[in-house]
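Here's a quick tour for anyone with the sequence and the model open at the bench. Take a look at the fold, then read on.

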Amino acid sequence: MRPHNFSLMLFGALALGFVIGIQAAAEPGGDASKGKPIYEKNCLLCHGPQGRGDGPMGRSLSPPATNFSSPESMRKTDAELLKVIHEGHSDTAMAAWKGSLSEQDFQDLLAYVRQLSRGLDKGKS
């Protein structure tokens, strides 16, 4: 095998490994089925059953609760969403949940919120 061909093969293998690594890192480490009851207990009142910000309290808030299926919300990274769940959001009614939920609960909740944002769960029990 010529050195040039070996270099191309090595580069291709490294690039493929990098892409696979990024894809794995992009997937949340949570279980949406475990996140759903957490969402229903702690988030539904404001964000609504489908995550559209239209829960019984969400409509009356100023600013209104976040609609997870909005383009703005869907552009947020998992890290950005987790930060808001952990720390709350100033100038809104979004409370900080840090200390109230385990780290696994946060991951499970994030997985469920992402599922809602893609319209994969209609929020019905």
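Which residues are buried in helix 2? Ala32, Gly35, Lys36, Ile38 and Tyr39 are. Keep in mind that this is a predicted model.

## The overall fold

Let's step back to the whole chain. There are 6 helices and 0 strands, so reading along the sequence gives the pattern α-α-α-α-α-α. The chain has 125 residues, and 28% of them are buried.

How do the contacts spread along the sequence? Take the contacts between residues at least 6 apart in sequence: 50% of these join residues at least 24 apart.

## Helix 2 and the nonpolar core

Back to helix 2, which runs over residues 32–42. Its buried residues pack against helix 3 and helix 6. One of those buried residues, Tyr39, turns up again in the largest nonpolar core, where it is among the residues with the most contacts.

That core has 16 residues, and Leu101, Phe106, Leu109, Tyr112 and Val113 are also on the list of those with the most contacts inside it. Helix 2, helix 5 and helix 6 each give two or more residues to this core, and helix 6 gives the most, with 7 residues.

Tyr112 is worth a click. This residue sits in helix 6 and counts as buried because its relative accessible area is 1%, and the cut-off for buried is under 20%. Tyr112 and Ile38 are 74 residues apart along the chain, yet their C-alpha atoms are separated by 9.1 Å. Ile38, for its part, is one of the buried residues of helix 2.

## One salt bridge

How many salt bridges does a search of the whole structure find? Just 1. In it, the side chains of Arg114 and Asp78 meet, with 2.8 Å from N to O. The pair links distant parts of the chain: Arg114 belongs to helix 6 (residues 103–117) and Asp78 to helix 5 (residues 78–87), 36 residues apart. As a general point, side chains of opposite charge can pair when their charged atoms come close.

Is Arg114 buried or exposed? Arg114 counts as buried, because its relative accessibility is 12%. Lys76 touches Arg114 too, along with Leu81, leaving aside residues up to four places away in sequence. Lys76 is in the loop between helix 4 and helix 5, and at 28% relative accessibility this lysine counts as partly exposed.

## The largest pocket

If you're hunting for empty space, the largest pocket has a volume of about 650 Å³. Its lining has 28 residues, and His47, Ala65, Thr66, Val84 and Met94 are the ones nearest its centre. By type, the lining divides into 18 nonpolar, 8 polar and 2 charged residues.

Which helices supply at least two residues each to this lining? Helix 2, helix 3 (44–47), helix 4 (71–75), helix 5 and helix 6 do. Helix 2, helix 5 and helix 6 come up in the core as well, each giving two or more residues there.

## The end of helix 6 and beyond

Ser117 is in helix 6, and its relative accessibility of 9% is why it counts as buried. Not counting residues up to four places away in sequence, Ser117 touches Phe68, Ser69 and Met74.

Gly119 lies in the segment after helix 6. With a relative accessible area of 32%, Gly119 is partly exposed. Gly119 and Gly51 are 68 residues apart in sequence and 9.2 Å apart in space, C-alpha to C-alpha.

## Two backbone oddities

Most residues other than glycine have a negative phi, and most peptide bonds are trans. Two spots in the loops are worth checking against that.

Where is the cis peptide bond? It joins Ser62 and Pro63, with omega about 0°. Pro63 is in the loop between helix 3 and helix 4.

The other spot is Asp91, a residue other than glycine with a positive phi, near 65°. Asp91 is in the loop between helix 5 and helix 6. At 72% relative accessibility, Asp91 counts as exposed, because the cut-off for exposed is over 50%.

Notes:
Residues are numbered from 1 along each chain as its sequence is written. This is a predicted model: local features need pLDDT of at least 70, side-chain atom pairs count only at pLDDT 80 or more; totals for chains, interfaces and linings use all residues. Side-chain values use heavy atoms; hydrogens and water are left out. A salt bridge is a side-chain nitrogen of Lys or Arg within 4 Å of a carboxyl oxygen of Asp or Glu. Helices (H or I, at least four residues) and strands (E, at least two) are DSSP runs, numbered from the N terminus. Buried means under 20% relative accessible area, exposed over 50%, partly exposed in between (1.4 Å probe, protein chains only). On a 1 Å grid over the protein atoms alone, a cavity is a set of points where a 1.4 Å probe fits but cannot get out, and a pocket is an open set with protein on both sides within 12 Å along at least five of seven lines; lining residues have an atom within 4 Å of a point. Grid points are joined across faces, edges and corners, and a volume is the space filled by probe spheres set on the points. Ala, Val, Leu, Ile, Met, Phe, Trp, Tyr, Cys and Pro count as nonpolar, Asp, Glu, Lys and Arg as charged, and the others, Gly among them, as polar. Contact means heavy atoms within 4.5 Å. A nonpolar core is a set of buried Ala, Val, Leu, Ile, Met, Phe, Trp, Tyr and Cys residues joined through side-chain atoms within 4.5 Å.
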